[in-house]
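Here are my notes on the model you sent over. I've kept them as numbered points so you can follow along with the structure open.

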Amino acid sequence: MLLSLLKILFFFAVVLAIALGANELAQTDQALRLQFNGTEFYLGPIQMIIGLLVLMVLAWVAFKILGLFFAFLRFLAGDETAISRHFARSRERKGYEALGEGMLAVAAGEGRLAQEKAAKAEKYLDKPHVTNLLAAQAAEVAGDNARAGQVYRKLLDDDRTRFVGVRGLMRQKLAEGDTATALQLAQKAYAMKPRHAELQNQLLELELKQGDWKGARGLLKDKRKQGELPKDIHIRRDAVLALQEAREVLAQGNSISAREAAISANRASPDLIPAAILAARSYLAQKDYRNASRVLEKTWSVRPHPDVAAAYAEIAPDETPAARLKRFDGLMRKNADHEETRLLRAELLLAAEDFPGARRALGDLAEVHPTVRTLSIMAAIERGEGADDAVVRGWLARALTASRGPQWVCDTCQNVMVEWAPVCDKCGGFDTLSWREPDEKLAPAGATPGAEMLPLLVGPRPQPEKHDVQIEDAQEAAPSATVDVDHGSEPSRPMAAPEPSAAPLRDTPAAPDAEPKASDIQSGSVNQSVPPKSGARIEVPLVAPGMVPREDEYVSVVAEAEPKPEPERHPIRSAEFDVPAREAENRATRQGK
């Protein structure tokens with residue numbers, strides 16, 4: 001405010017001084033006399049001032065023209081001048097325009113146009129760290145990986161672009177499938193910028209693919225220190241990596257280090273089932289049964305699993321079923337209401353042949369949550385209680401279409417894996433496997449925990465052997481054909497033989513050598529009055545009596561040669577079939593004559 005007031009007062013003072021000076025000159029009669037080449041010029045005070053101003057302007061213009069002339073000479077000599085700066089600014093403007101258009105072309109996916117703009121920007125701009133980056137990206141968009149690699153190597157020479165060059169080369173190696181080289185480049189880039197979040201995730205993924213569990217643990221520790229990873233997640237993932245590291249150490253024969261790593265992983269994450277099992281087996285190797293039981297019981301209380309029960313059984317492998325049931329009671333009390341506990345109790349009671357107790361332990365699981373395992377246990381209970389085979393088959397038939405129960409399922413891609421692993425073999429997700437029941441629409445067909453009990457419960461599936469069909473014709477019994485087939489628990493069933501034809505066998509027209517179809521045998525369309533030829537193959541059903549066989553329940557058998565039936569012997573033999581009798585009759589006639 002005060003400064004503005006002073007400026008105003010100064011302006012009025014200058015105007016007042018000029019006005020007073022002009023008034024004073026106007027009242028003066030003196031004039032300026034100039035004589036040039038015999039001519040005199042008289043200038044009054046006002047004219048003198050105007051002339052002085054014009055002279056000053058002309059002098060300024062002359063100096064400017066003279067300066068421009070000398071600048072032109074310096075321009076020709078190569079020195080930096082206003083003209084050179086003008087052309088430099090023009091080139092810079094064109095270069096930045098080309099750079100912007102090239103970036104837009106890269107974003108739009110126009111590789112060829114982006115390369116042209118990158119070349120133009122490189123021509124007009126003296127900024128290689130910018131133009132080389134655009135050239136590399138344009139080459140990648142255009143699919144010229146060789147050119148992109150060359151440009152990325154140029155970026156390594158500049159400290160400002162070295163990280164970009166290393167990262168670009170790493171991405172190229174990943175695209176080529178060279179994960180080993182990509183891992184080395186990622187480690188170099190991480191050393192330059194350890195807080196780069198995307199690079200951290202990429203490096204962790206590469207270390208998991210290459211099995212560098214120690215490096216992955218170090219990276220997770222750095223992320224935890226930087227505050228980018230919560231404490232509970234860090235503890236869980238570090239336990240997973242420690243478990244996998246212990247597995248590899250154990251595979252190399254260093255059991256002591258593996259034992260310590262497994263125990264450490266179990267302490268960090270008690271709900272990690274594989275870690276608990278490995279830790280328990282480590283205690284078992286030391287004959288420390290108490291700690292092995294404690295580890296498994298703690299894990300069962302958090303997350304029951306069949307593998308935990310299997311490891312618990314390894315503590316006393318030679319015990320009787322009754323003793324095992326009593327010892328397992330301490331484990332099952334840790335989580336008594338869980339479904340896995342009820343299934344385990346039912347299986348133990350089955351092993352002890354307490355079938356009513358197994359039924360009570362199973363409860364309504366076969367109806368509420370029917371799985372292959374629950375239905376198989378129910379079939380074993382029915383068989384143990386002496387139920388009809390049809391009832392057992394009914395339970396097993398339901399098991400064929402039932403859910404496979406909990407499995408190791410990836411939470412990201414829904415991939416089902418037979419065994420636990422730290423990384424999903426389909427999507428590569430880290431620590432994404434959980435023990436749960438998969439979506440049947442997404443889960444592939446595969447082995448199911450509990451389904452391996454079927455051979456123990458119902459016996460091995462009979463293997464079809466070479467079957468011999470024997471057709472015998474007895475004098476007093478009706479003809480029948482027996483099939484020598486091993487049916488397991490079912491006895492051999494006679495197969496009705498074709499009735500003898502009224503016409504002589506030799507008068508029967510010969511049929512072509514063709515195997516009868518199962519559907520024809522079932523429907524009766526095959527001419528059963530003709531016995532099978534020797535060596536011919538026929539199909540017979542392998543089903544229970546009274547059941548309709550399916551197409552896949554027929555087996556192919558080979559028919560043996562049928563012995564020709566002997567003619568009935570009468571007191572007087574037919575002359576047509578008994579030549580000796582006819583000769584005896586002729587001799588008796590000649591003697592009578």
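1. Before the surface numbers, one definition: accessible areas here come from the Shrake-Rupley method with a 1.4 Å probe. On that footing, the protein chain exposes about 37,700 Å², and carbon and sulfur atoms supply 55% of that area. Do keep in mind that this is a predicted model.

2. Now the overall make-up. The protein chain has 593 residues, and 32% of them are buried. Its secondary structure comes to 24 helices and 10 strands. If you take the contacts between residues at least 6 apart in sequence, 47% of them join residues at least 24 apart.

3. On to the inside. Which residues touch the most other members of the largest nonpolar core? They are Phe328 and Leu344, in a core of 80 residues. Helix H13 (residues 273-285) gives this core its largest share, nine residues. There is also a second, separate core of 21 residues, and Leu343, Leu362, Trp395 and Leu396 are among its members. As background, nonpolar side chains in soluble globular proteins tend to be buried together.

4. Phe328 is a good residue to click on. Setting aside residues up to four places away in sequence, Phe328 touches Ala309, Tyr312, Ala313, Leu344 and Leu348. So Leu344 turns up twice: it is one of the residues Phe328 touches, and Leu344 is named with Phe328 as touching the most other members of the core.

5. Is Thr374 buried or exposed? Thr374 counts as buried because its relative accessibility is 0%, and the cut-off for buried is under 20%. You'll find Thr374 in helix H20 (residues 372-384). Neighbours within four places in sequence aside, Thr374 is in contact with Leu343, Leu362, Leu365, Ala366 and His369. Two of those names, Leu343 and Leu362, also belong to the second core.

6. Now for the outside. A nonpolar surface patch of about 730 Å² is made by Phe63, Leu66, Phe69, Phe70, Phe72, Leu73 and Leu76. Leu76 sits in helix H2 (residues 45-77). Why does Leu76 count as exposed? Its relative accessibility is 56%, and exposed means over 50%.

7. The structure holds 22 salt bridges, and a few deserve a look. Lys173 pairs with Glu176, the closest N and O atoms being 3.8 Å apart. These two are three residues apart in helix H7 (residues 162-176), so about one helical turn separates them. Lys173 is partly exposed, with a relative accessible area of 23%, while Glu176 is exposed at 57%.

8. Another bridge within a helix joins the side chains of Glu205 and Lys209, at 3.6 Å from N to O. Here the partners are four residues apart in helix H9 (residues 197-210), which again means a separation of about one helical turn. Glu205 is partly exposed, with a relative accessible area of 34%, and Lys209 is exposed at 54%.

9. What does the salt bridge between Asp364 and Arg342 tie together? The side chains meet at 3.5 Å, N to O. Asp364 lies in the loop between helix H18 (355-362) and helix H19 (365-368), and Arg342 is in helix H17 (residues 339-351), so the pair ties together parts that are 22 residues apart in sequence. Asp364 is partly exposed at 42% relative accessibility, and Arg342 is partly exposed with a relative accessible area of 25%. Elsewhere, Arg217, Asp238 and Glu245 are joined into one network by salt bridges that share partners.

10. Last, a small piece of sheet. Three strands form an open sheet in the order E4-E3-E5, with antiparallel pairing. Strand E4 (416-417) and strand E5 (433-436) are the edge strands, each pairing on one side only. Strand E3 (residues 407-410) pairs with E5 over four bridges, in the antiparallel sense. To get your bearings there, start from Gln407: its bridge partner in E5 is Arg436.

How values were computed:
Residues numbered from 1 in each chain as written. Predicted model: local features only at pLDDT ≥ 70, side-chain atom pairs only at ≥ 80, totals over all residues. Heavy atoms only, no water. Patch = residues over 30% accessible without salt bridge, like charges linked within 9 Å, V, L, I, M, F, W, Y side chains within 5 Å. Salt bridge = Lys/Arg side-chain N within 4 Å of Asp/Glu carboxyl O. Buried < 20%, exposed > 50% of the residue type's maximum accessible area, 1.4 Å probe, protein only. Contact = heavy atoms within 4.5 Å. Core = buried A, V, L, I, M, F, W, Y, C linked by side-chain atoms within 4.5 Å. Pairing = 2+ DSSP bridges.
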